[in-house]
Amino acid sequence: WVPQAPNVWFRPLLLNTVTGGWCNLLRVRKSGMISRHRHPGLVVGYVIKGSWRYLEHPWIAEAGHFLYEPPGEIHTLVVDQGVEEMITFFNIAGAMIYLDEQGVQNGYEDVFTKIEMCRAHYRAVGLGDYVDSFIR
Ligand code: FE
């Protein structure tokens, strides 16, 4: 599990430098807003544990649900009080563009920044270049 933010981690499964996409598990162990973001590409996911929602939608993603995020959509992931842990599989076709409340970009992630984050973390904890086993 690679730390993403306090009480937020991701676990890489596939870091695809051919298509620019990646698959990971996202794990959150706190309630509150995680990030407002936009994807230029398609995202699909499957909730394994817990639940969460997007501020912009009425539905709640619960364990066993499959979800689809259309390209270009802006949304804000929220984990509600009472959820001790959520784990969700995501397949992200393109980049994550993070936005502040005014809609101004304040962060960016793609498969290459994910690889760098994983490599730095795995080296720091003594796993060396373990990230290479997820890169295609
Ligand atoms: Fe999203």
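These are my notebook entries on a predicted model, covering a helix, a metal site and a few single residues.

**Entry 1: helix α1**

I began with helix α1, which runs over residues 111-124. I checked its length. At 1.5 Å a residue, its 14 residues should span 20 Å, and the end C-alpha atoms are 20 Å apart, which agrees.

Next I asked which residues of α1 are buried. They are Val111, Lys114, Ile115, Cys118 and Tyr122. Seen down the axis of α1, these buried residues fall within an arc of 100°, so they line one face of the helix. On the other side of α1 I found Glu116 and Ala124 exposed.

I then looked up what covers the buried residues of α1. The cover includes strands β1 (2-5), β2 (8-15), β3 (22-28) and β12 (105-109).

**Entry 2: the ends of α1**

I turned to the N-terminal end of α1, which Asp110 caps. A side-chain oxygen of Asp110 lies 2.9 Å from the backbone nitrogen of Phe112. After the helix comes Gly126, and I noted its positive phi, near 85°.

Arg123 is also in helix α1. Its side chain makes a polar contact of 2.8 Å with the side chain of Asp129. Leaving aside neighbours within four places in sequence, I found Arg123 in contact with Gly128 and Asp129. I also took a distance to Glu62: Arg123 and Glu62 are 61 residues apart in sequence and 34 Å apart in space, C-alpha to C-alpha.

**Entry 3: Glu109**

Glu109 is in strand β12. Is Glu109 buried or exposed? I have it as buried, because its relative accessible area is 7% and the cut-off for buried is under 20%.

The side chain of Glu109 is joined to that of Lys114 by a polar contact of 3.0 Å, and Lys114 is one of the buried residues of α1. Setting aside neighbours within four places in sequence, I listed the contacts of Glu109 as Gln4, Trp22, Ala95, Met96, Tyr98, Lys114 and Met117.

**Entry 4: the iron ion**

Which residues coordinate the iron ion? I found His37 (NE2), His39 (NE2), Glu69 (OE) and His75 (NE2), at 2.1 to 2.3 Å. Along the chain these donors follow the spacing H-x1-H-x29-E-x5-H. The angles among the 4 donor atoms run from 79 to 167°, and the site is irregular. I checked burial for two of the ligands: both Glu69 and His75 are buried.

**Entry 5: His39**

I looked at His39 separately. His39 sits in the loop between β4 (32-38) and β5 (43-49). His39 is buried, with a relative accessible area of 3%. Its side chain makes a polar contact of 3.3 Å with the side chain of His75, and both histidines coordinate the iron ion. Not counting residues up to four places away in sequence, I found that His39 touches Glu69, Pro71, Gly72, Glu73, His75, Ile92, Ala95 and Met96. Ala95 and Met96 also appear among the contacts of Glu109.

**Entry 6: Phe89**

I ended with Phe89, in strand β10 (residues 86-92). Phe89 counts as partly exposed, because its relative accessibility is 25%, and the range for that term lies between 20% and 50%. What does Phe89 touch, not counting residues up to four places away in sequence? I listed Leu13, Cys23, Asn24, Leu25, Val44, Gly45, Tyr46 and Ile48. I also compared positions with His57: the two residues are 32 apart in sequence and 19 Å apart in space, C-alpha to C-alpha.

Terms used: Residues are numbered from 1 along each chain as its sequence is written. This is a predicted model: local features need pLDDT of at least 70, side-chain atom pairs count only at pLDDT 80 or more; totals for chains, interfaces and linings use all residues. Side-chain values use heavy atoms; hydrogens and water are left out. Helices (H or I, at least four residues) and strands (E, at least two) are DSSP runs, numbered from the N terminus. The expected span of a helix is 1.5 Å times one less than its number of residues. Buried means under 20% relative accessible area, exposed over 50%, partly exposed in between (1.4 Å probe, protein chains only). The arc is that of the directions from the helix axis to the C-beta atoms. Contact means heavy atoms within 4.5 Å. A polar contact is a pair of N or O atoms within 3.5 Å; within protein, one must be able to donate a hydrogen and the other to accept it, and residues adjacent in sequence count only if both atoms are side-chain atoms. Donors are N, O and S atoms within 2.8 Å of the metal (3.2 Å for Na, K and Ca); water is not among the atoms, so sites may look incomplete. Four donors count as tetrahedral if all angles lie between 85 and 135 degrees; four count as square planar and six as octahedral if opposite donors are over 155 degrees apart and all others between 65 and 115; anything else is irregular.
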